[in-house]
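Visitor: I am new to this structure. Could you walk me through it with short questions and answers?

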Amino acid sequence: KSIVVLISGSGSNLQAILDACKAGFIAGRVSAVISNKADVFGLTRATEAGVPALVLDHKQFADRQSYDAALCEAIDLHQPDLVVLAGFMRILTPEFVAHYSGRLLNIHPSLLPKYQGLNTHQRAIDAGDSVHGCSVHFVTAELDGGPVALQAKVPVFPEDDASAVAARVHEQEHRIYPLVVRWFCQDRLQQQADKALLDGQIL
Ligand code: GRF
């Protein structure tokens, strides 16, 4: 399977997926990495893995529609079976989301539907939560609202600050994202409207 990964930053989830492909855990290959920001470490990770890395800077485009249209074009050159958002910090147009419907995954650092949007770790601490986590979900037009394929939980301790919680969540992200991509590449995982199915069972 051909996988295109979109990033905006350090790319530690990208690395987990690259490693899982190399190890044969994922029956697929990352055929391109695209970042909306130049000089991010994720681009170095791609190059080191021998994967084409492209910067498509949103500041060079007049509006979101034209950026997303260019992004679609760049992605489709690689005929992806799956598009993976791995810390890609942009809201996507409904047209973009529709184009990749059923083959667009995201990872979000909370136990969805809790804490959609930003600053999830601080919000979990402020709410006094003792459990927090991360979710891999199919992307739909509703921001952070698509069907969840897999979640992992972590404890939150009273002395934790946001960075301590983030580190604990990140560790779990690196476990669950490759696993979900593995299922998808095995044709075991599907999106049906607002549901995610694994081996035909609703998750
Ligand atoms: C992760 O915390 C992910 O949940 C969020 O962005 C972060 C990306 O981290 N969507 P990295 O670039 O994969 O290290």
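Guide: Start with a definition: two strands pair if DSSP finds at least two bridges between them. Keep in mind that this is a predicted model.

Visitor: Over how many bridges do strand 1 and strand 2 pair?
Guide: Strands of a sheet pair through backbone hydrogen bonds, either parallel or antiparallel. Strand 1 and strand 2 pair in the parallel sense. One bridge links S2 to R29 in strand 2. The number of bridges between strand 1 and strand 2 is 6.

Visitor: Which helix does the chain pass through from strand 1 to strand 2?
Guide: The route is a β-α-β crossover, and this crossover is right-handed. Its helix is helix 1.

Visitor: Which strand pairs with strand 1 over 4 bridges?
Guide: Strand 1 covers residues 2–7, and its partner here covers residues 82–85. The two run parallel. I3 stands opposite L82. The partner is strand 4.

Visitor: What is the order of the strands in the open sheet of 7 strands?
Guide: Strand 1 pairs with strand 2 and also with strand 4. The pairing in this sheet is mixed. Its edge strands are strand 3 (53–55) and strand 7 (148–155), each pairing on one side only. The order is 3-2-1-4-5-6-7.

Visitor: By how many degrees are neighbouring strands of this sheet turned against each other on average?
Guide: Direction is ignored for this value. The average is 20 degrees.

Visitor: In which sense do strand 2 and strand 3 pair?
Guide: Strand 2 and strand 3 share 3 bridges. I34 stands opposite L54 in strand 3. The chain crosses from strand 2 through helix 2 to strand 3, in a right-handed β-α-β crossover. The pairing of strand 2 and strand 3 is parallel.

Visitor: At about what angle does helix 2 run to strand 2?
Guide: Helix 2 spans residues 41–48. This helix lies across strand 1, strand 2 (29–35) and strand 3. Its angle to strand 2 is about 150 degrees.

Visitor: What angle does helix 3 make with strand 2?
Guide: Helix 3, residues 64–76, packs on the sheet. It touches strand 1, strand 2, strand 3 and strand 4. Its direction and that of strand 2 make about 155 degrees.

Visitor: Which element gives the largest share of the shell around the ligand?
Guide: The ligand is surrounded by 16 residues, and the closest are G9, S12, N13, G87 and P109. Elements giving two or more residues are helix 1 (12–22), strand 5 (104–108) and helix 6 (162–185). The largest share is 3 residues, from helix 1.

Visitor: How many residues in the shell around the ligand are charged?
Guide: The shell has 6 nonpolar and 9 polar residues. The charged count is 1.

Visitor: Which peptide bond is cis?
Guide: Most residues other than glycine have a negative phi, and most peptide bonds are trans. In the loop between strand 5 and helix 5 (120–126) sits P113. N119 is also found in that loop, with a positive phi of about 55 degrees. The cis bond, with omega near 10 degrees, runs from L112 to P113.

Visitor: Why is one side of strand 8 left without a neighbour in the sheet?
Guide: Strand 8 (189–192) belongs to an open sheet with the order 8-9-10 and antiparallel pairing. Strand 8 and strand 10 (201–202) stand at the edges, so one side of each has no neighbour in the sheet. The reason is that each has a single partner strand.

Notes
Residues are numbered from 1 along each chain as its sequence is written. This is a predicted model: local features need pLDDT of at least 70, side-chain atom pairs count only at pLDDT 80 or more; totals for chains, interfaces and linings use all residues. Axes are lines fitted to C-alpha atoms, for helices over the stretch in contact, and angles run from 0 to 180 degrees between N-to-C directions. Two residues are in contact if their C-beta atoms, placed from the backbone, lie within 7 Å. A residue is near a molecule or strand if its C-beta atom, placed from the backbone, lies within 6 Å of it. Ala, Val, Leu, Ile, Met, Phe, Trp, Tyr, Cys and Pro count as nonpolar, Asp, Glu, Lys and Arg as charged, and the others, Gly among them, as polar. A crossover is right-handed if, with the strands pointing away from the viewer, the path from the first strand over the helix to the second runs clockwise.
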